[in-house]
Amino acid sequence: MSDSHAQRGAEPEHDHEQHHEGPGYATPQAAIEEGEREKLAYVMSLYVGTDVDAPDFVAVVDLDPDSDTYCEIVDRIEMPERGDELHHFGWNACSSSCHMEGLKRRHLIVPGQRSSRIHVIDAKDRRNPELETVIEPEEVFEYDLSAPHTVHCIPDGEILISMLGDADGELPGGFLELNEDFEIEGRWEPPGEIEMNYDYWYQPRQNVMVSSEWAAPKTYYPGFDLDDVEAGKYGQKLHFWDWEDGTVEQTIDLGEEGLIPLEVRFLHTPESTHGFVGTALSSNMFHFWYDEGTNDGDGAYRAEKVIDFESREHPDWEMPVPGLTTDILISMDDRYLFGSNWLHGEVWMYDISDPSNPRRADSLSVGGTFGDVQEVQGRELNAGPQMLQLSLDGERLYWTTSLFSSWDDQFYPKESEQGSVMLKADVDPRNGRLELDEDFLVDWGECPDGPARAHEIRWPDGDCTSDVWQ
Amino acid sequence: MSGHANDRSPSHTVTLEWPDGRTRTVAVREDETVLDGAERADIALPFGCRTGACGTCTGRLLAVDGVESEPDSGDAEDPDIGATIAYTRPPRALKDRHRAEGYVLLCLASPRADCRIAVGSSVQSELVENPWK
């Protein structure tokens, strides 16, 4: 282990007084108290892989129940080219920069997962954001990287993007760094630190970053092929990085119970070394944490399976159907882990007040292969719950239904004809309850150019999957 | 029929066929891809990475010089994809079984003969099945 771990538990280097100068909130609890109710959502919306002759777009969705256009897409920021596959996106700055005077949470970094084109959107006007700059794929390929995925800001104003492949869509992936002017700064890490890449999260006070693994772009882009799993072409590892140095300090192989670790989240409190990763194909949740007593007393991260979602028999299907836990998030108060079982059609919340022993609080059976609820307001759901977003106060959970265009076509072929939906559940965090809000429905089937898919969701002023504290 | 669309490069007549039976015919030069040729003719085909990794642009070769292809027939008379399609870089998104079945990546494929190709987003979805169903 590097000497960086000696910093674990150190005092923050900046002032966390109430009146911070930069973006975001001083603490996770401040986000809960000071963050207003989400009145708009930005949602990745896509036509890639369909016959609709239109580019992908960022949808601005009205979430204000008092508005005349509640549950409607009130603006669309179209990308300049077709074929992007807008997927995940992030802000130029979040609460990890709350000490940076003058820095604002203003620009959305919106990568094309297939195109490797990176868009920068100026969201100064939260309701009418505008495309500002574009980094063309050729500029990205020069760094022998492709397939941009997770976007987080670095606390000094720069931006870090996980890249899943090399310029040919093969392994290894890596990380691309942008400067504060949204120009490519270069590769963040020395090449060769990892092979596969996917999502990442950092916990700066612990000087640690964790990254997960999907597969080479050429493997997952065309669709899911079980032969590729058997050939070892899908990931099953977590990498723990020295955040300052950009080097991998420890790799944990999650084994067969940990196939395809996707969304990875640390708890929000900057003191914590605890986090969770959803292993999508195995449909398990792993808890990871820094164990000071292990590794002959030198300390190391450990990971342990803490939730196992059983496969289910389907009368018309040949093999038991896995849940496919494709997204997870942690509530801002670090009390609950929410997740989606996309193939089964389930949204769940687990009490993680004891992170080693998650306790099922509630779940909803909605959409997907087995969901009890298959339509809302007469609208067929056609797919399971997928990307989640939770209100800062933890009282409203929203989700969309598209996973990835080619994978959607494989498991939910109607989604390309009918488009995705965004749904909502009311959460009672005090009592650990979820209730589907059937008055809420946003329908991407009604888009002017034709039915579109919908993927990741963000709020205008920080959310449970954007914000990190230093 | 094959010919010279301009002074620079020979071209071939490529007929694009959608699942609903609609067809469009374009002259595609040997120094451009089928996707480029279609775009020049203002025909919107699906595409993604344009590097051969993603398969979004997948089409399927139906006939070469008027001779119908029968995928998987093993018939030596079948049109030879290698003699019909030249790739500018390896079509990584396609497995060997896909190539044997006549699937081609239109973002990288340049014609070497007149041909007819099945196009549209549904062709890509033929590459993989739901493994549990």
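**A walk through chain A and its partner**

Let's start at a single residue: Asn197(A) sits in the loop that links strand S11 (184-187) to strand S12 (200-203) of chain A. Keep in mind throughout that this is a predicted model. Is Asn197(A) buried or exposed? Asn197(A) has 28 C-beta neighbours inside 10 Å, and the cut-off for burial is 20 or more, so this loop residue counts as buried. Setting aside the residues within four places in sequence, the contacts of Asn197(A) are Ser162(A), Met163(A), Leu164(A), Gly173(A), Gly174(A), Ser211(A) and Glu213(A). For a sense of scale, try Glu36(A), which is 161 residues away from Asn197(A) along the chain. The C-alpha atoms of these two residues are 34 Å apart.

Now zoom out to the whole of chain A. Its secondary structure adds up to six helices and 31 strands. With 470 residues, chain A has a radius of gyration of 20 Å, close to the 23 Å expected from the globule rule, so it is as compact as a globular protein of that length. Along the principal axes, its C-alpha atoms fill a box of roughly 60 × 50 × 50 Å. Of the 470 residues, 57% are buried. As for contacts in chain A with a separation of 6 or more, 57% of them are between residues 24 or more positions apart.

How far can you trust what you're looking at? The average pLDDT of chain A is 95, and 96% of its residues score at least 70. The stretch to be wary of is residues 1-10 of chain A, where the pLDDT is below 50. That stretch still has 15 contacts in the model beyond near neighbours in sequence. For chain B the mean pLDDT is 90, with 87% of residues at 70 or more. The model as a whole comes with an ipTM of 0.93 and a pTM of 0.95.

On to the strands, beginning with an open sheet in chain A. Its four strands are ordered S20-S21-S22-S23, and the pairing is antiparallel. S20 and strand S23 (359-365) of chain A are the edge strands, each with a single partner, so each has one side without a neighbour in the sheet. On average, neighbouring strands here are turned by 20° against each other, direction ignored. How many residues of strand S20 (residues 325-330) of chain A are buried? Six of the six are, so S20(A) is largely enclosed by the rest of the structure. In other words, S20(A) lacks a strand neighbour on one side of the sheet, yet its residues are buried.

Follow S20(A) into the next strand and you'll find five bridges joining it to strand S21 (residues 336-341) of chain A, in antiparallel fashion. Thr325(A) has Asn341(A) as its bridge partner. The two strands make a hairpin with five residues between them, and in the turn Asp334(A) has a positive phi of about 60°. S21(A) is then joined by six bridges to strand S22 (residues 346-351) of chain A, again running antiparallel. Here the bridge partner of Leu337(A) is Tyr350(A).

There is another open sheet of four strands in chain A, with the order S3-S2-S1-S31 and antiparallel pairing. Its edges are strand S3 (73-78) and strand S31 (453-458) of chain A, each pairing on one side only. The average turn between neighbouring strands in this sheet is 30°, direction ignored. Four bridges hold strand S1 (residues 40-46) of chain A against S31(A), and the pair runs antiparallel. Within that pair, Ser45(A) has Ala454(A) as its bridge partner.

One more hairpin deserves a stop. Strand S14 (residues 237-242) and strand S15 (residues 247-253) of chain A run antiparallel and are joined by six bridges. Look for Phe240(A), whose bridge partner in S15(A) is Gln250(A). Four residues lie between the two strands, including Gly246(A), which has a positive phi of about 70°.

Finally, turn to where the chains meet. On this interface, 32 residues of chain A are in contact with 23 residues of chain B. Helix H3 (217-220) and helix H5 (405-411) of chain A each contribute at least two residues to the side of chain A that touches chain B. Which element gives the largest share of that side? The answer is H5(A), with four residues. By residue type, the chain A side splits into 11 nonpolar, 11 polar and 10 charged residues.

Key:
Residues are numbered from 1 along each chain as its sequence is written. Chains are lettered from A and ligands numbered from 1 in the order in which they are written. This is a predicted model: local features need pLDDT of at least 70, side-chain atom pairs count only at pLDDT 80 or more; totals for chains, interfaces and linings use all residues. The radius of gyration is taken over C-alpha atoms; the globule rule is 2.2 Å times the number of residues to the power 0.38. A residue is buried if 20 or more other C-beta atoms lie within 10 Å of its own, exposed if 12 or fewer, and partly exposed in between; C-beta atoms are placed from the backbone. Two residues are in contact if their C-beta atoms, placed from the backbone, lie within 7 Å. Ala, Val, Leu, Ile, Met, Phe, Trp, Tyr, Cys and Pro count as nonpolar, Asp, Glu, Lys and Arg as charged, and the others, Gly among them, as polar. Two strands pair if DSSP finds at least two bridges between them. Axes are lines fitted to C-alpha atoms, for helices over the stretch in contact, and angles run from 0 to 180 degrees between N-to-C directions. pLDDT is the predictor's confidence in each residue, from 0 to 100.
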